[in-house]
Amino acid sequence: FSKLFYHAYTIWLFTVSDIKSVIVPETILGVTTALSGSLLTDNDTPDPWQIFRRIPNTVAWNWLSLFLFDLCNQSQTESVLEDSLNKPWRAIPSKRITPNQTRTLLLLVIPSVYLATLSLGGTWEAVTLMLGTWMYNDLGGADNGPFVRNLLNGFGYICYSSGSMKVAAGYGQRELNETSTWWLAMIGGIIFTTLQMQDMPDIHGDAKRGRLTIPLVYGDRAARWSIAIPVAAWSIICPLFWCVGLAGFMLPLVAATIFLTRLFLFRSVADDSLTWWFWCSWLSSVYILPLAKRCGF
């Protein structure tokens with residue numbers, strides 16, 4: 001039993017730091033998409049009970065795809081170097097598993113994720129994420145400058161979002177509509193223009209591995225403004241896109257105000273680590289907008 005717990009905890013360490021930025025917001029997106037009915041799907045009368053019953057499927061789909069990505073990402077030589085400074089508690093720098101063992105595990109996880117999505121749904125998105133994972137990690141896309149890095153991240157989030165929406169809406173039962181294509185494109189734009197927030201608390205590890213991130217290339221002040229301006233813009237553009245009422249409009253605006261206040265007033269690495277949580281909360285508030293529209297908010 002103790003050995004089983006040891007290995008389970010090792011697996012947990014690979015994904016735990018990304019739960020707040022991927023699994024939670026993407027599950028929220030999937031559930032709110034399904035509940036929004038005909039705004040994003042072909043279902044005019046969504047059944048909340050059936051949608052809530054699919055939450056474990058949605059979480060599982062996101063976690064499996066994330067686990068595959070993290071195994072590949074964290075077993076890279078440069079990532080081990082970075083994590084030894086930024087996140088020494090992770091599975092590889094804490095010596096719970098070696099990079100070679102991780103890559104061997106990946107050989108099992110890749111086909112397992114593919115087979116799981118044949119039942120869960122979102123197979124196309126999962127396979128496309130595998131392609132993006134290869135480009136991001138093995139081809140060095142993550143280290144090829146902030147533009148390419150954010151572009152690949154935006155592409156990845158579109159896949160996570162589309163997969164989450166399809167699984168939550170009901171694989172084999174419902175389809176996404178044309179509006180969902182525009183919404184997914186906007187989500188990709190949000191990630192492309194604001195995800196550099198995750199680089200703020202990782203600045204020392206990124207510098208050690210020689211990664212070209214916005215705070216390292218252009219400086220702290222420029223990096224903060226490069227985050228603040230698009231966050232403020234998307235907090236207005238997205239409610240206008242959904243034509244929500246005052247309450248719906250205030251949802252991302254309040255979240256953005258709190259986030260931006262922290263971004264400029266609290267600037268240490270420890271502060272930025274907490275501010276990153278507030279960015280994840282802001283993203284979740286944006287994801288809720290279709291449901292706010294359906295509920296008349």
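Start by selecting helix 12 (220–242) and helix 14 (269–287). Their axes come within 11 Å and cross at roughly 20 degrees. Axes here are lines fitted to C-alpha atoms, for helices over the stretch in contact, with angles from 0 to 180 degrees between N-to-C directions. Helix 12 and helix 14 are therefore roughly parallel; angles under 35 degrees count as such, over 145 as roughly antiparallel, 65 to 115 as roughly perpendicular and the rest as oblique. The crossing is left-handed, meaning that the near helix is turned anticlockwise from the far one by less than a right angle. Show the side chains that make the contact: Arg224, Val231, Trp234, Ser235 and Cys238 from helix 12, and Asp272, Trp282 and Val286 from helix 14. Contact means heavy atoms within 4.5 Å.

Two notes before moving on. This is a predicted model, in which local features need pLDDT of at least 70 and side-chain atom pairs count only at pLDDT 80 or more, while totals for chains, interfaces and linings use all residues. Residues are numbered from 1 along each chain as its sequence is written, and side-chain values use heavy atoms, without hydrogens and water. Helices (H or I, at least four residues) are DSSP runs, numbered from the N terminus.

Keep helix 12 and add helix 13 (246–265). The two pack at about 175 degrees, with axes 9 Å apart. They are therefore roughly antiparallel. On the helix 12 side, look for Trp225, Ile227, Ala228 and Pro239, among others. Their partners in helix 13 include Phe249, Pro252, Phe259 and Phe264. Arg224, Val231 and Ser235 belong to this interface and also to the contact with helix 14.

Now pick Cys243, in the loop between helix 12 and helix 13. Its phi is positive, near 55 degrees, and the residue is not a glycine. Cys243 is exposed, at 53% relative accessible area. The cut-offs are under 20% for buried, over 50% for exposed and partly exposed in between, with a 1.4 Å probe and protein chains only.

Return to helix 14 and add helix 2 (residues 19–35). What angle do these two pack at? It is about 10 degrees, with the axes 9 Å apart. That makes helix 2 roughly parallel to helix 14. Helix 2 brings residues including Lys20, Pro25, Glu26 and Leu29. Among those they meet in helix 14 are Trp276, Trp277, Cys280 and Tyr287.

Next, go to Lys95, in the loop between helix 5 (77–86) and helix 6. Lys95 has a positive phi of about 70 degrees, although it is not a glycine. At 71% relative accessibility, Lys95 is exposed.

Follow the chain into helix 6 (residues 99–120). Helix 6 has 22 residues and reaches 29 Å from first C-alpha to last, close to the 32 Å expected. That expected span is 1.5 Å times one less than the number of residues. Where is the kink in helix 6? Centre on Leu108, where the bend is about 25 degrees, shortly before Pro111. The bend is the angle between axes fitted to the seven residues ending there and the seven starting there.

Colour the buried residues of helix 6: Thr102, Leu106, Val109, Val113, Thr117 and Leu120. They pack against helix 1 (2–15), helix 4 (55–74), helix 7 (123–138) and helix 8 (146–170). Gly121 follows helix 6, with a positive phi near 105 degrees.

Finish at Asn153 in helix 8. Asn153 is buried, at 12% relative accessible area. Leaving aside neighbours within four places in sequence, Asn153 is in contact with Tyr136, Ile191, Leu195 and Gln198.
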